[in-house]
There are 2 protein chains.
Amino acid sequence: MAGKKVTVVGCGNWGTAAAKVISENTPKFNLFNPTVRMWVLEELVEGVKLSELINTTHENKKYLPGIKLPNNLLAVPDLNECVKDTDLFIFVIPHQFVKSTAVKMRECGLMKKEAVALSLVKGIMILDNEPVLVSDVIERELGIPCSALSGANVANCIAREEFSEATVAYTTRDEGRLWQRLFDRPYFKIRCIKDVAGIQVYGAIKNVVALSAGFCDGLGLGSNTKAAVMRIGLVEIHKFAKLFFPNTTEDVVFESAGVADLITTCIGGRNVRCAAEFAAKEGKRSWNEIEQEFLNGQKLQGVSTCHEVYEVLRTHDKLAEFPLFHVTYKVAFESTHPSELIKSLSTEELERFE
Amino acid sequence: MAGKKVTVVGCGNWGTAAAKVISENTPKFNLFNPTVRMWVLEELVEGVKLSELINTTHENKKYLPGIKLPNNLLAVPDLNECVKDTDLFIFVIPHQFVKSTAVKMRECGLMKKEAVALSLVKGIMILDNEPVLVSDVIERELGIPCSALSGANVANCIAREEFSEATVAYTTRDEGRLWQRLFDRPYFKIRCIKDVAGIQVYGAIKNVVALSAGFCDGLGLGSNTKAAVMRIGLVEIHKFAKLFFPNTTEDVVFESAGVADLITTCIGGRNVRCAAEFAAKEGKRSWNEIEQEFLNGQKLQGVSTCHEVYEVLRTHDKLAEFPLFHVTYKVAFESTHPSELIKSLSTEELERFE
């Protein structure tokens, strides 16, 4: 028995780190075929094809430099070859490319009917002002079930085998067990829950709260205030999840994909740093300029998510129930002074309770 | 109608800050008598009685220097005089003095039967290896209902009117409304829930998690790891609350007394700083020495709570269900190397799930 064949769709920073984790596990279980394929969108790195560089040096010098990759990890530039025979697909590409990639995979006609998928993509998509789960897009385009993995997972730290945790939200219990075996390592502990929608909404929208938290830093506010803003953010994330995916439960909060990911994202990370700069300059530096200086021109996920979340809530006439998301949008996009973030929360009104 | 008379039992850092908040509110509602009394355990400050100093300068130079207190806040050194006529008692003294103070208050024979109390005391007590809520001690000794208030509340920040939140857990809905009116300010927003036990357990045991988080800092571990430790800590706090107070619900997590207080406590604060030093020195500096250097010899709450929690769990044969609390105890008290904190979590075992 050859065991299930695994393909990682994506070769970026997180994709390569995840592929390393998986490649350490596949040889340990008869359940899996030891070879793990990683689909590489070919590009030249120092004059050499990236896939060749990975396969000869066992390092992804472009996206995960300095980390030795297992020999049983094989970079494959041809998407069709990746699709053929694969039983387990792991998606880890930017969310804007998920649909087009899935369409190509389906159209090559080589997909196994009994394959299953897992999304490591952080983000939900907004289609016609409705939030859509990345896992649902994959399910729909490929016609196979798709689970999700999310957590407080800085890719470089996992690549260096620093202790981390992640949450798998599974479509069926059996798939949960499968993904847990594929990913669980002593330094990367996997816990499984059922809430496929919840962990994806948290994974996407935490970046909006990171902007709010970054504004607090930029305004020089103390720890009481920042903790209050993070708490309100947590409540609004959860309310958003319940509003659009009513099966979301409280379970997700206690998981790595819940409170832990929110904490790391709001304490460090690019969204917080850029938002702090934005607030410190009283909104007078553009996001473009800040992205240029801090991220070499890469785009900040929190900024686009903030805009999308605002549009969704506005269309559904729900802005009043999300005061933090609303004021964060106004600060980020409508020249509202950053100090308004706190002023808008400092009401005379008593909070109602049951 | 004179309105309900309020007495703050305690005049420390948090007590004085709370008394300031209250004294700003009482004149606004006919419901309350404008004068707020603050019981002061008399001592000499620069040769002057503390109560006189507060009443003449309207500042508590000893415990909250630099903050102007409202004129309607009256320091009263005589406990009996405080008890007489008081309708609303707010307890904010170190938890080891709660019982003896309550006994004195009862024995003076001046207590109003229809009085009610609120505990701002952080901490639960351990009596015969059973955790007992501070609010229950007050209820039992005084024979009146006792609610609780807790949150991400650094006293000096609230005194400076930096935006903060707190949670009131009420015995009855009407009392919840009363305490909310007494405390809610635009810079100090009060949310009310029913879970009197939950918020007190969280308020006490978060300090144990702060030690664990501090050990991570001292070991130089990254943000994935610290977030994982804080998450496991949250789960163990909640499990502890459910174990000894089965009516605890998930509500508390979303409140200031839940996730927000845990975050501030684990990010900054004395427990984290001292624990970081302890781990950085590989446990070779004693807690005494560290407390001497960092806290002028004051005792670290996390250290005693860690010991108490361990004893409770050991007596109930529940240590195996609390791996983080257990290893934190071993590092803090049994010369276990701090790196064991993470090693003990890095298991080969797969986490079970439903």
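Is A:Ser23 buried or exposed? At 1% relative accessibility, A:Ser23 counts as buried, because the cut-off for that label is under 20%. Keep in mind while browsing these views that the model is predicted.

**View 1. A:Ser23 and its surroundings in helix 1.** Here we look at A:Ser23, which lies in helix 1 of chain A, a helix that runs over residues 13–25. Setting aside neighbours within four places in sequence, A:Ser23 is in contact with A:Val36. Its other contacts of this kind are A:Pro70, A:Asn72 and A:Leu73.

**View 2. A:Lys206, the residue that UniProt marks as "active site".** The UniProt record, an unreviewed entry, places this feature at A:Lys206. You will find A:Lys206 in helix 8 of chain A, which covers residues 196–218. With a relative accessibility of 7%, A:Lys206 counts as buried.

**View 3. The contacts of A:Lys206.** Which residues does A:Lys206 touch, leaving aside its neighbours within four places in sequence? They are A:Lys122, A:Ile237, A:Asp261, A:Leu262 and A:Thr265. If you are following along in the structure, start from helix 8 of chain A, where A:Lys206 has its place.

**View 4. The annotated C-terminal domain of chain A.** Residues 195–342 of chain A carry the UniProt annotation "domain: Glycerol-3-phosphate dehydrogenase NAD-dependent C-terminal", again from an unreviewed entry. Over this stretch the chain is 72% helix and 0% strand. The C-alpha atoms at the two ends of residues 195–342 are 32 Å apart.

**View 5. Stepping back to the whole of chain A.** Chain A has 15 helices and 12 strands. Its C-alpha atoms fill a box of roughly 70 × 50 × 40 Å along the principal axes. The radius of gyration is 21 Å, which agrees with the value near 20 Å that a compact globule of 354 residues would have. Of those 354 residues, 60% are buried. Among the contacts in chain A with a separation of 6 or more, 73% join residues 24 or more positions apart.

**View 6. The surface and charges of chain A.** How much accessible surface does chain A have? The total comes to about 14000 Å², and carbon and sulfur atoms account for 49% of that area. Chain A also holds 41 positive and 45 negative charges. The mean positions of these two sets of charges are 4 Å apart.

Key:
Residues numbered from 1 in each chain as written. Chains lettered and ligands numbered in written order. Predicted model: local features only at pLDDT ≥ 70, side-chain atom pairs only at ≥ 80, totals over all residues. Heavy atoms only, no water. Helix = DSSP H or I, 4+ residues; strand = E, 2+ residues; numbered from the N terminus. Rg over C-alpha atoms; globule rule 2.2 N^0.38 Å. Buried < 20%, exposed > 50% of the residue type's maximum accessible area, 1.4 Å probe, protein only. Contact = heavy atoms within 4.5 Å. Areas by Shrake-Rupley, 256 points an atom, 1.4 Å probe, with all protein chains shown as cover. Lys, Arg positive; Asp, Glu negative; His and termini not counted. Charge placed at Lys NZ, Arg CZ, Asp CG, Glu CD. UniProt positions renumbered as here; feature names shortened; annotations may be inferred.
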